[in-house]
Amino acid sequence: MIISEGNKIFKHFTIRYGIALTFIAVLSVVSQVRIQQHLNRSMDDSHVINFAARLRTYSQTLSKTALMLEYGYEYDISRKEFVNTLKQWEKAQEGLEMGSRFLNLPTENMEEINTMFDLISHPRKEMMNAAEHIVAVLDTSKVFNPQLIRPYVKTILDYEQSYLLGMELIVFDYDRFSKERISQLKQIDYLMLALVLFTLALEAIFIFYPLAIHIKKVVVGLVSSEEKSKRLSEELQAANARMEESYKELREMNYALDKATYLVKTDPEGNIVYANDKYCHVTKYSIQELRGKPVFYNNMGGHESVIYEHIRNSKKQTEVWQDEIFDNASDGTGFWLDVTLMPVFDNAGNLYQYLLIGTDITNRKNTERENQLLMEEKIRREGVEQKIRSYAIINGQEKERKRITAEIHDGIGQMLTSLRMKLEQIQDRTTTPDPEVAMVNMMLAKLITETRRICSDLLPSVLEDFGLLSAIEDLVTTCKDANRKMDFLLDTNIHPGPLSRELEISVYRILQEGLNNVIKHSQASRVEIFIDTSGHYLNLMIKDNGKGFYFDNQQLHLKNLAKKMNGIRGMKERAELLSGTFSLNAQPGKGTIVQLEIPLV
């Protein structure tokens, strides 16, 4: 019944739509036919206007060449052009009045146009007759005499203006008729457009609007049917989901049973319900002893396994968990398992069991432990070797400094002293003081002082003779003399007692390098030095209020900063050779703090 009613409605609207389309098609065809007719006539009018204008050109050219012949200007060329122009004018005039298929000119003219042609027929005939007489004179005369054609030229010139005026009126008439036809074409176009719009309006009222109402009813029915189908589909999907969940549980169970090396089942609280023979073998418990006990509880420490953090987490207990777990067997031997904990749900979707699958990784863990121990031993040995190499290098540097100092002191120093004494003897024997000798003597004194300073920096004699405290005080005094703008504050708490030579030299060199850096780079006004040996450690701190800088320990290992970091790197290596720690804290605008801590035992 519904199908037959739908077919009836479809047939009804199809007929209406076919009628409307047929009417529009007929209007379109009629409109195109009329447009093409008017376009063709417009093209003919344009062609006729072109030929009418050409006739005017021919008449003017004929008059010009007649005058040129009269005055004998380029006789041969003018004669040929006059004859050709006359022939073309006659053919064009005949085609325009009578029509010509060859020249694509209409054979019928309007009555007004024919009247205009009659008006200019007399001037045209007079001009053509005069032109033909001129041609006859040109053909019969062996010797050209301009006097023979002068009357005919005068006739052409007399009638030329009347002919041109008449042809101009004809052109205007053709143009007026063409515009009238275009106006008629516009009116026809507007009429056809009105009819098409009227037809479309009728289609909207009698076809599209009723059809839209019918489609709306159909869509409402389809939506209602879709909602019913959706509800049935959701119910079916829920049933399929429950069935799929059951199949999934069965597949997971079968997979676990097929692939498991160690298999344990627990209740939702993590107490063992079942364990296979391999798990019983590795734990050295029977299934009766394991049943009801927490899994991985025998870890000799009395603490629960990390697996229970997952079981007791309400958000994660329904997720699969995986980790590596260490446990002890009943005899105290340890073993490692790679464990995967899988939750199992009942038909209602509630958690009722855990399935634990484990793989023995004890051998791998033991191998990893052995490799770790070997790596630690290798790193330790490399550290010892590095310390030995660094100690040898620093010790060699100190020996070399001692040798260079001795050579400077015993060689250059003695020579400079002798030279100064000799210069003073010369100065004493001179009755008149020589200012240049005095200047040389003063420069020599400064050179001796600078040489002593260099020797002191290379190997401070105070450190060798009086110990670390005196050497530090002497170094601070030297720094004050080097930079009078800085205020150096020294706070010492060095207990009497012997310190190793290596310790004293290292501490002195670190302090020396630190103070040199402060004087050269910090732009500070205040420097604080603190040294203490009251406890089991020697503590040294150098603090300034200078401009500071950005420092990171990673900079010590960068190749592009290797030269800039040589001093700091040497200070750190000296501290590490004595099992001490070296730290440098600096920030731009907040000064720098250098700290050293070395064990005394």
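Me: Ala, Val, Leu, Ile, Met, Phe, Trp, Tyr, Cys and Pro count as nonpolar, Asp, Glu, Lys and Arg as charged, and the others, Gly among them, as polar. How many residues of each class are in the lining of the largest pocket?

Reply: The lining has ten nonpolar, eight polar and four charged residues. This is a predicted model, in which local features need pLDDT of at least 70 and side-chain atom pairs pLDDT 80 or more, while totals for chains, interfaces and linings use all residues. Residues are numbered from 1 along each chain as its sequence is written, and side-chain values use heavy atoms, without hydrogens and water.

Me: What makes a residue part of that lining?

Reply: On a 1 Å grid over the protein atoms alone, a pocket is an open set of points that a 1.4 Å probe fits, with protein on both sides within 12 Å along at least five of seven lines; a lining residue has an atom within 4 Å of a point. Here 22 residues line the largest pocket, and Asn517, His521, Phe549, Lys564 and Ile568 lie nearest its centre. Two or more lining residues come from each of helix H12 (501-522), strand E8 (537-544), helix H13 (566-577) and strand E10 (592-599). H12 gives the most, with six.

Me: Why are H11 and H12 called roughly parallel?

Reply: The axes of H11 (residues 468-482) and H12 cross at roughly 15 degrees and come within 11 Å. Angles under 35 degrees count as roughly parallel, so H11 and H12 are roughly parallel to each other. Their crossing is right-handed.

Me: Which residues of H11 and H12 meet?

Reply: Contact means heavy atoms within 4.5 Å. Among the residues that meet are Leu468, Ile472 and Cys479 in H11, and Val507, Leu511 and Ile519 in H12. By class, this contact has ten nonpolar, one polar and one charged residues.

Me: Why is H12 called roughly antiparallel to H13?

Reply: H12 and H13 pack at an angle of about 160 degrees, their axes 10 Å apart. The cut-off for roughly antiparallel is over 145 degrees, which makes H12 roughly antiparallel to H13. The crossing is left-handed. Their contact has four nonpolar, four polar and three charged residues.

Technical notes. Helix = DSSP H or I, 4+ residues; strand = E, 2+ residues; numbered from the N terminus. Axes fitted to C-alpha atoms, helices over the stretch in contact; angles between N-to-C directions. Parallel < 35°, antiparallel > 145°, perpendicular 65-115°, else oblique. Left-handed = near helix turned anticlockwise from the far one by under 90°.
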